[in-house]
Amino acid sequence: MKTKRWIIMMLTMVCVASSAQHKRSDLLLKFQERQVDIAPFFEDFPYSQFSLSEDGEKLFFFKTSEQNKLQWLDLTKEKDFLKATDAVDLDFSKRNCWQPMYNEKDGYVYWIGDERNEEIINIYRCNLLAPGVEKLTDVPYIYAWDFSPDRTRIAYVARLAQNEKRLDELRMLDLRTGRDTLVCQDKPDFRYTWGDITWQPQGKGLMLLALKDADRTYANIIYVDTETKQTTVLTDPSKPGSYAGTSVMERWFSDDVCFFFSDQDGYKNLYRFDRRTMKTEQVTRFTSDIDDARFVTVGKKKYLFLLQSNPVETSLMLMDIATGKILYKHSSDLSLSIGAVQGDRVRLLANAASVVFRIIDARVGQKEMVLSEVLELSDELNAKLIHSDVERLSIPTFDVDPSTGKTRTLHAYLYKPKHPLPEGKELLMIESFYGGDNRYNAEYQIFNAAGITVLSPSPRGSTGFGRDFAAMNDKDLGGNEILDIIYCASYISEKRNIPSERIGVFGMSHGGYATMRLLTFPGEVNGHKGAFRFGFGIETAGFCDIIYQHTHSNIPDWTRLEAGDPQKEAARLIERSPLYHAANLTGPLLLLHGNHDNRVHVEGSRLMHRMLTHLKRPHRYVEFEGLGHGIKGIDNNRRFYRECFRFLDDVIGRDTSLYRWDTVR
């Protein structure tokens, strides 16, 4: 479940003296005759991607300053972020660091990452007492990894090739000797994939994820016997199951019994596996996804602590393992993730649309649980980081929900700035994909600080509403998900009385594609008509040609799932590529991209820039040297927001400088 636990927030803190020391005034940006102070996000609280050690006593996080640093705090001694210690002497604005995990056995922090933001992913480690870095593997890409129960070995899945030459290996690394051994290779009928690995307590087997025929809509749990090398599929391979709804639990219940998650019944539920009989059975039958589960010990008895969440609320439940009965339930309006469990204490990481960060302890009893704050930010700091009032909306879209027989509605959050732009100059920005989460979002708050309203909807394809809703955009990239955003735009334009020319879209990656698709939409898809003349768009790390994306990405199976087969369905994929509808552009477009991006190649934005230049359509292109898939580092973030506000100033004034086709590098 580690891949689901990361709380990713673009935040930041006080920079110390260096040769390139920033003045606080450097982070004071101008927009519409007001000053937008982004220093609170990049100096006062520059922290993100929080995780805990297994005992919950060490807090790890990233600090964005002159460099992106992985830092840690010993929560038993200190809760002041200013007193955090660097875990390793590396700048993670120039390289990736995913899933940092502390190993109390040897005192090292381990992570998977790369060295140039190019996503050649391997395992690295550093000792907290002597922060040098050691590279432990040398493969093209690592999908999954985890420690053995005694923390002396790591099992990992290495991807050695992709597309028609795809080959993955399950390997085992001994941390004491450095010996790296092959357990087995996957086969075409079941390909290994992203996710977590769990060890049988005595090391006799490994559980992990595999895709039937490499199809991400048929995710399965498999068990690999490390002695015989035999693979057993534990889920029903004939039933669809999503990658996001399939995962393993971190620990086994006993030497022979463990639990895992699958959404083959439509929602992410809990299943039980018995190694003695090699059989599985479904334990829960919820109609809302389980987010995570851990074993807790109350008295001398083990129970299951369940976390069930959606974009609206989180439920904390205690389950009797023997009977499967839910003993009680506690609801919270926070977005919670399990950081660590010790006995009857569950340490939770928390945030929400209007909550920046908290750590909460849940003391679990047989009849109730008691929650207490371990760490929270001051009111003064929260006031600097929160600039909006948030309203939840249900927005009607274009089709009928067959489960109700009524018009389908979409969940959304509306972030209303506390100090909006004056009447007649209002701007409203809609996230084009990956929106709707009940999580703190610094980007939204920075736009709110500038007086801009933000709408964050959950179009079809979003997670949190069950497998079927998340799968509604499978092989329909640029289709009905785009109509959802068009209907959201029409709804919010009328609700807020803001004309279309002052409503724009923005997004990153898939959202960058969706932004370009919305600004160039030809008016009809899948037999449904839709139209909204968006006034502007900001896309980050997006792609404008679906087939080019498939052939130049390090995750081509994503394109096949979302869009379809690039060879058999080439005509449809070309028709849904914004590059070929660029003449339809309804308003100015800002394109931003890092030139080390291997997930979405920088040509995904460059191609659109060249086409719009040829067509003499209003746009601006900004390229970031050395960045991969996203914006990292205080200098790059300052530049990102400066370019956004410069662009938006031109949008409001319809400045003719947008017609100069200026490219910023």
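**Reading a helix and a sheet**

A: In this predicted model, helix H6 has 17 residues and reaches 24 Å from its first C-alpha to its last, which is close to the 24 Å expected at 1.5 Å a residue.

Q: Which residues of H6 are buried, and how should such a list be read?

A: The general idea is that an α-helix has 3.6 residues a turn, so residues three or four places apart point the same way. In H6, the buried residues are Asn 480, Glu 481, Ile 482, Leu 483, Asp 484, Ile 485, Ile 486, Cys 488, Ala 489, Ile 492 and Ser 493.

Q: Why does Cys 488 count as buried?

A: Cys 488, which lies in helix H6 (residues 480–496), counts as buried because its relative accessibility is 0%, and the cut-off for buried is under 20%. Leaving aside residues up to four places away in sequence, Cys 488 touches Ile 395, Leu 410, Leu 455 and Pro 457. Of Ile 395 one can add that its C-alpha is separated from that of Cys 488 by 6.4 Å, although the two residues are 93 residues apart along the chain.

Q: What follows H6?

A: Asn 497 follows H6, and its phi is positive, near 55°.

Q: How is the order of strands in the sheet to be read, and which strands are at the edge?

A: Strands of a sheet pair through backbone hydrogen bonds, either parallel or antiparallel. Here 4 strands form an open sheet in the order E20-E21-E22-E23, with antiparallel pairing; strand E20 (247–248) and strand E23 (279–282) are the edge strands, each pairing on one side only.

Q: Over how many bridges do E22 and E23 pair?

A: Strand E22 (residues 269–274) and E23 pair in the antiparallel sense over 4 bridges, and Tyr 271 stands opposite Gln 282 in E23.

Technical notes. Residues are numbered from 1 along each chain as its sequence is written. This is a predicted model: local features need pLDDT of at least 70, side-chain atom pairs count only at pLDDT 80 or more; totals for chains, interfaces and linings use all residues. Side-chain values use heavy atoms; hydrogens and water are left out. Two strands pair if DSSP finds at least two bridges between them. Helices (H or I, at least four residues) and strands (E, at least two) are DSSP runs, numbered from the N terminus. Buried means under 20% relative accessible area, exposed over 50%, partly exposed in between (1.4 Å probe, protein chains only). Contact means heavy atoms within 4.5 Å. The expected span of a helix is 1.5 Å times one less than its number of residues.
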